[in-house]
Amino acid sequence: MPAVVVVGTQWGDEGKGKIVDLMTPFADVVVRYGGGANAGHTLVVDGHRVVFHLIPSGALHKQTRCVLGHGMVLDPEVLVAELEEMEARQLLAEGRVLISDRAHVVLPHHRLVDRLRDQGSKAIGTTHRGIGPCYEDKAARLGIRVFDLLHRERLRERLQANLERWRPVIAHFGEACPELDAMAERYLALGQKLSPWIGDTGHWLRRALDQGQRVLFEGAQGAMLDVDLGTYPYVTSSCVVASGASAGAGVSPLGIQRVVGVTKAYTTRVGGGPFPTELDDAMGEKLRSAGKEFGATTGRPRRCGWLDLVALRFAVQVNGVSELVMTKLDVLSGLGDLRLCVAYEYEGQRYEEVPPPEGWGEVKPIYEDFEGWSEPLEGCSDFAAFPAAARRYLARIEEVVGCPIRVVSVGADRRATLGLRDPFDGLPKLDVKPKAFSFKS
Ligand code: GDP
Ligand code: IMO
Ligand code: MG
């Protein structure tokens with residue numbers, strides 16, 4: 001029962017979508033396990049750009065099933081639109097998509113509150129997709145789940161209780177709260193559209209794994225946005241790291257045999273919060289324009305900076321990453337000399353690990369300088385063809401982080417990828433079924 005997880009190791013937008021799309025031909029199933037339409041995963045196929053927000057990035061490969069696990073928060077409006085787009089591309093055969101009946105539903109007032117609250121100098125800079133309020137409802141046990149959309153009376157009852165919670169919040173901002181009847185009808189209709197695809201995805205996945213199917217989990221966001229491990233409170237509201245795949249999809253953690261971490265060759269962050277290696281200068285601008293660093297979900301310009309190896313090493317450790325994929329190395333060609341952040345300085349001390357929580361906004365990066373290269377990388381057919389300066393840059397990253405870089409992406413298109421191989425290759429067949437137990441033995 002081999003399962004592989006692909007995770008972001010920074011603040012999101014590392015290029016996970018491209019990598020999951022490329023690895024999907026080796027998998028039987030591709031699964032999203034957390035987050036929602038805050039994610040924007042971009043694929044470029046023969047020059048055409050496709051962005052997925054909810055449906056896993058394996059969707060273009062017809063033979064692979066796409067599963068949306070119960071750890072996700074699903075906006076039915078976005079989901080129906082993505083399913084319709086798949087249908088228009090003739091990608092939507094019966095049983096191809098499975099949506100968890102237990103996933104939580106993002107409602108119009110979640111989006112409204114997300115936007116109303118996220119203002120001013122302390123704003124998180126959320127994607128305004130209603131993610132935070134929906135996960136709040138989940139934890140408060142007031143959430144609407146996908147299966148509720150299939151039962152009129154149950155839905156109305158739960159929506160009423162849910163609206164009672166949010167009405168005063170919305171009134172505080174002087175806005176009108178959505179009205180129960182119209183919302184219930186709209187969400188019942190959306191539930192009807194989704195009904196052919198809804199089921200117990202956890203049960204289905206456990207069985208698929210028992211049968212030896214290869215399951216590829218697609219992380220959303222990145223480790224530094226994780227609600228526990230990231231730069232709290234400037235984080236998203238879910239568990240984004242590899243262990244979240246087990247909880248968010250309902251499979252044994254013992255089945256996850258490999259974790260692939262995706263990192264950019266530099267760092268970006270969209271939204272507020274600490275970013276030790278941020279460049280507020282001409283180099284930051286150069287990275288943004290060379291890397292086309294504008295959000296796939298919101299279109300916002302991404303903040304740009306040097307690669308932060310303290311954060312990357314942390315992400316490798318907490319995820320159990322055994323191999324890295326580096327994307328966007330091509331963007332560094334012709335930018336001049338480069339820097340890598342190898343440690344932080346905090347209260348006069350050198351930190352090789354992430355700082356204490358109150359230190360995130362205070363740390364200063366300690367850099368090593370690297371000679372850059374001017375040659376474009378797109379035409380390189382293997383790592384040996386990279387300029388020596390690029391090879392030195394990669395070797396130092398591997399050394400500081402303690403993890404090999406196995407794949408390097410040098411362009412947005414599928415073809416601009418070096419070193420890609422079957423991510424399930426060499427994984428042992430583990431039998432994690434509980435053994436029969438007897439006091440007599
Ligand atoms: P994700 O959220 O991790 O899937 O990443 P996004 O799709 O939000 O952002 C990554 C962006 O970089 C997308 O526009 C990709 O098409 C693009 N991209 C991915 N890999 C490369 C690469 O190696 N080079 C360049 N230039 N662009 C890339
Ligand atoms: P992918 O999967 C980049 C960021 C938001 C904000 C914070 C909280 O494409 O890598 P939220 O809407 O989740 O409450 O916002 O998290 N954020 C992302 N940044 N990529 C993402 O997803 C993100 N998902 C959330 O910008 O800072
Ligand atoms: Mg993205």
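This is a guided tour of a predicted model, with stops at two ligands, one helix and a handful of individual residues.

**Stop 1: ligand 1**

Select ligand 1 and show the residues around it. You should find 20 of them, and the closest are Gly15, Lys16, Thr42, Asp330 and Ser409. Colour this shell by residue class and it splits into five nonpolar, eight polar and seven charged residues. Two secondary-structure elements are worth highlighting here: helix 1, residues 16–23, and strand 3, residues 41–45, each contribute at least two residues to the shell.

Now turn on distances. Start with the side chain of Ser409, where an N or O atom lies 2.4 Å from an oxygen atom of ligand 1. Then move to the backbone: a polar backbone atom of Gly15 is 2.8 Å from a ligand 1 oxygen, and a polar backbone atom of Gly17 is likewise 2.8 Å from an oxygen of ligand 1. Taken on its own, ligand 1 has 580 Å² of accessible area, and the protein covers 91% of it. If you display a pocket surface, look for ligand 1 in the second largest pocket.

**Stop 2: ligand 2**

Next, select ligand 2. It is also surrounded by 20 residues, with Asp13, Lys16, His41, Thr127 and Thr236 the closest. You have met Lys16 already, among the closest residues to ligand 1. The class colouring gives seven nonpolar, ten polar and three charged residues around ligand 2.

Three side chains deserve a distance label. In Thr127, a side-chain N or O atom is 2.6 Å from an oxygen atom of ligand 2. For His41, the corresponding separation between a side-chain N or O atom and a ligand 2 oxygen is 2.7 Å. Arg300 places a polar side-chain atom 3.0 Å from an oxygen of ligand 2. The protein covers 98% of the 540 Å² of accessible area that ligand 2 has on its own. On the pocket surface, ligand 2 sits in the largest pocket.

**Stop 3: Thr127, one of the contacts**

Stay with Thr127 for a moment and show the ribbon. Thr127 lies in the loop between helix 3 (108–117) and helix 4 (131–139). Is Thr127 buried or exposed? Its relative accessible area is 16%, so it counts as buried, the cut-off being under 20%. Add Val270 to the selection: it is 143 residues from Thr127 along the chain, and their C-alpha atoms are separated by 9.1 Å.

**Stop 4: helix 1**

Go back to helix 1, which you saw contributing to the shell around ligand 1. How many of its eight residues are buried? Eight of the eight are, so helix 1 is largely enclosed by the rest of the structure. To see them one by one, step through Lys16, Gly17, Lys18, Ile19, Val20, Asp21, Leu22 and Met23.

**Stop 5: backbone geometry**

Select Tyr232 and Pro233 and check the peptide bond that joins them: it is cis, with omega about 5°. Pro233 belongs to the loop between strand 10 (215–218) and helix 8 (243–249).

Then pick Lys292, in the loop between helix 9 (282–290) and strand 13 (303–305). Lys292 is not a glycine, yet its phi is positive, at about 50°. With 66% relative accessibility, Lys292 counts as exposed.

Glu347 gives you another positive phi in a residue other than glycine, near 50°. You will find Glu347 in the loop between strand 16 and strand 17 (349–351). Its relative accessible area is 68%, so Glu347 is exposed.

**Stop 6: two more residues to compare**

From Glu347, step to strand 16, residues 338–346, and select Leu338. Leu338 has a relative accessible area of 1%, so it is buried. A C-alpha distance to Phe275, 63 residues away along the chain, comes out at 18 Å.

Finish with Asp181 in helix 6, residues 180–194. At 39% relative accessible area, Asp181 is partly exposed. Draw one last line from Asp181 to Leu420: they are 239 residues apart in sequence and 52 Å apart from C-alpha to C-alpha.

Notes:
Residues numbered from 1 in each chain as written. Chains lettered and ligands numbered in written order. Predicted model: local features only at pLDDT ≥ 70, side-chain atom pairs only at ≥ 80, totals over all residues. Heavy atoms only, no water. Near = heavy atom within 4 Å. Polar contact = N/O pair within 3.5 Å; in protein donor to acceptor, adjacent residues only side chain to side chain. Areas by Shrake-Rupley, 256 points an atom, 1.4 Å probe, with all protein chains shown as cover. 1 Å grid on protein atoms, 1.4 Å probe; cavity = no way out; pocket = protein on both sides within 12 Å on 5 of 7 lines; lining within 4 Å. Sits in = over half its atoms within 2 Å of the grid points. Helix = DSSP H or I, 4+ residues; strand = E, 2+ residues; numbered from the N terminus. Nonpolar A, V, L, I, M, F, W, Y, C, P; charged D, E, K, R; others polar. Buried < 20%, exposed > 50% of the residue type's maximum accessible area, 1.4 Å probe, protein only.
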